[in-house]
Amino acid sequence: MAMKSMGRSSQSVSRLIWSQSILVRGRDHLLSSPPMNAFLLRTPRLGFRYWTSDDLPLARSLWSDPAVTKLMASEPWSNQKVQDRLNTEINNAEIHGVQYWPIFLLTDGSFVGACGLKPYKPEERIFEMGYHLVPSAWGKGMASEAAGAVVKYAFQTLNLAAIFAGHHPDNAPSGRVLEKLGFRRIGEKRFEGTGLMHVTYQLTVEEYRTRHGGAS
Ligand SMILES: CC(C)(COP(=O)(O)OP(=O)(O)OC[C@H]1O[C@@H](n2cnc3c(N)ncnc32)[C@H](O)[C@@H]1OP(=O)(O)O)[C@@H](O)C(=O)NCCC(=O)NCCS
């Protein structure tokens with residue numbers, strides 16, 4: 001798949017650094033506080049790395065919290081569903097080179113949540129963006145900061161054609177994050193997790209370039 005070759009060398013480098021770090025440092029420490037050089041993406045406050053199969057406790061601290069999944073699912077996520085989601089993230093990295101990457105505060109390495117991409121129409125180079133933060137991180141502009149970095153990476157490094165996104169009709173903060181990044185509302189789509197019609201958005205590479213003064 002074309003996606004696999006895009007930015008592959010830099011991703012491979014990130015993973016190599018990450019796997020070397022695992023050999024050198026204690027595993028428990030890595031679960032909450034990755035080494036600073038392991039991040040594939042950084043913002044002023046946040047660092048992104050890849051999920052690994054050791055991350056189930058971290059994944060549970062996010063997706064087993066009903067406050068986090070309230071507007072994403074009709075019922076709280078079971079342990080099996082969290083494990084399945086972690087497996088999906090790891091598979092998406094293998095197949096497509098992207099994840100809803102786990103993100104951490106640069107100051108103390110504490111886990112903040114996940115933000116990134118998953119396949120939507122990969123054959124058209126359209127991927128879906130999402131952000132899931134732990135409640136203690138809400139209301140501090142972190143979703144906007146993380147999503148802004150993902151959008152830039154998607155268009156400037158991965159050369160995507162467009163990013164799709166959607167949210168529960170009651171999730172106004174999620175919609176605000178998208179609007180601030182220039183996403184255009186395109187309609188509604190039934191979302192399997194809730195069984196409801198979710199509001200949908202898209203941002204094309206052309207719209208992104210126009211917004212950013214022609215930056216490629
Ligand atoms: C949705 C979520 C990611 C937002 O994260 P966050 O870090 O609090 O978001 P930000 O602070 O970057 O931005 C939120 C924006 O929404 C605005 N907002 C907050 N509550 C709002 C409301 N009720 N109505 C309208 N806007 C609202 C904020 O003021 C802010 O906009 P501003 O920067 O213009 O002031 C976070 O609540 C979350 O992870 N929820 C659980 C998982 C989830 O629902 N993810 C989205 C799935 S589609």
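## Helices, sheet and ligand shell of a predicted model

Helix α8 has Ser174, Val177 and Leu178 as its buried residues. Because these buried residues fall within an arc of 95° when α8 is seen down its axis, they line one face of the helix. The face turned away from that buried side carries the exposed residues Ala172 and Glu179. The cover over the buried residues of α8 includes β5, α7, β6 and β8 (196–204). Just after α8, glycine 182 adopts a positive phi of about 95°. The structure described here is a predicted model.

**Overall composition**

The protein contains nine helices and eight strands. Of its 216 residues, 32% are buried. Among contacts between residues at least 6 apart in sequence, 59% join residues at least 24 apart.

**The ligand shell**

Helix α8 also contributes to the surroundings of the ligand, where six residues from this helix form the largest share of the shell. In total, 23 residues surround the ligand, and the closest are Leu133, Ala143, Ser144, Ala172 and Arg176. At least two residues of the shell are supplied by each of β5 (126–133), α7 (142–156) and α8 (172–180). By class, the shell comprises 11 nonpolar, nine polar and three charged residues. Ala172 thus appears among the residues closest to the ligand and on the exposed face of α8.

**Helix α6**

Which residues of α6 are buried? They include Leu86, Glu89 and Asn92. These residues cover an arc of only 120° around the axis, which puts them on the same side of α6. Gln80, Asp84, Asn91 and Glu94 are exposed on the face turned away from the buried side. Elements covering the buried residues of α6 include α4 (56–63), β3 (100–105) and β4 (111–121).

The length of α6 can be checked against its residue count. At 1.5 Å a residue, the 18 residues of this helix (residues 79–96) should span 26 Å, and the end C-alpha atoms are 25 Å apart, which agrees. Glycine 97, just after α6, takes a positive phi of about 80°.

**The sheet**

The eight strands of an open sheet follow the order β1-β2-β3-β4-β5-β6-β8-β7, with mixed pairing. Its edge strands are β1 (41–42) and β7 (184–191), each of which pairs on one side only. Strands β1 and β2 (residues 46–48) run antiparallel and are joined by two bridges. Within this pair, arginine 42 stands opposite glycine 47 in β2.

**Positive phi outside glycine**

Most residues other than glycine have a negative phi. Arginine 125 departs from this pattern, with a positive phi near 60°. Asparagine 159 likewise has a positive phi, of about 55°, although it is not a glycine. Arginine 125 lies in the loop between β4 and β5, while asparagine 159 lies in the loop between α7 and β6 (162–167).

Are these two residues buried, exposed or partly exposed? Arginine 125 is partly exposed, with 17 other C-beta atoms within 10 Å. Asparagine 159 also counts as partly exposed, with 14 C-beta neighbours inside 10 Å. The table sets out their values.

| Residue | Phi | C-beta atoms and radius |
|---|---|---|
| Arginine 125 | near 60° | 17 within 10 Å |
| Asparagine 159 | about 55° | 14 inside 10 Å |

Notes:
Residues are numbered from 1 along each chain as its sequence is written. This is a predicted model: local features need pLDDT of at least 70, side-chain atom pairs count only at pLDDT 80 or more; totals for chains, interfaces and linings use all residues. Helices (H or I, at least four residues) and strands (E, at least two) are DSSP runs, numbered from the N terminus. A residue is buried if 20 or more other C-beta atoms lie within 10 Å of its own, exposed if 12 or fewer, and partly exposed in between; C-beta atoms are placed from the backbone. Two residues are in contact if their C-beta atoms, placed from the backbone, lie within 7 Å. The expected span of a helix is 1.5 Å times one less than its number of residues. The arc is that of the directions from the helix axis to the C-beta atoms. A residue is near a molecule or strand if its C-beta atom, placed from the backbone, lies within 6 Å of it. Ala, Val, Leu, Ile, Met, Phe, Trp, Tyr, Cys and Pro count as nonpolar, Asp, Glu, Lys and Arg as charged, and the others, Gly among them, as polar. Two strands pair if DSSP finds at least two bridges between them.
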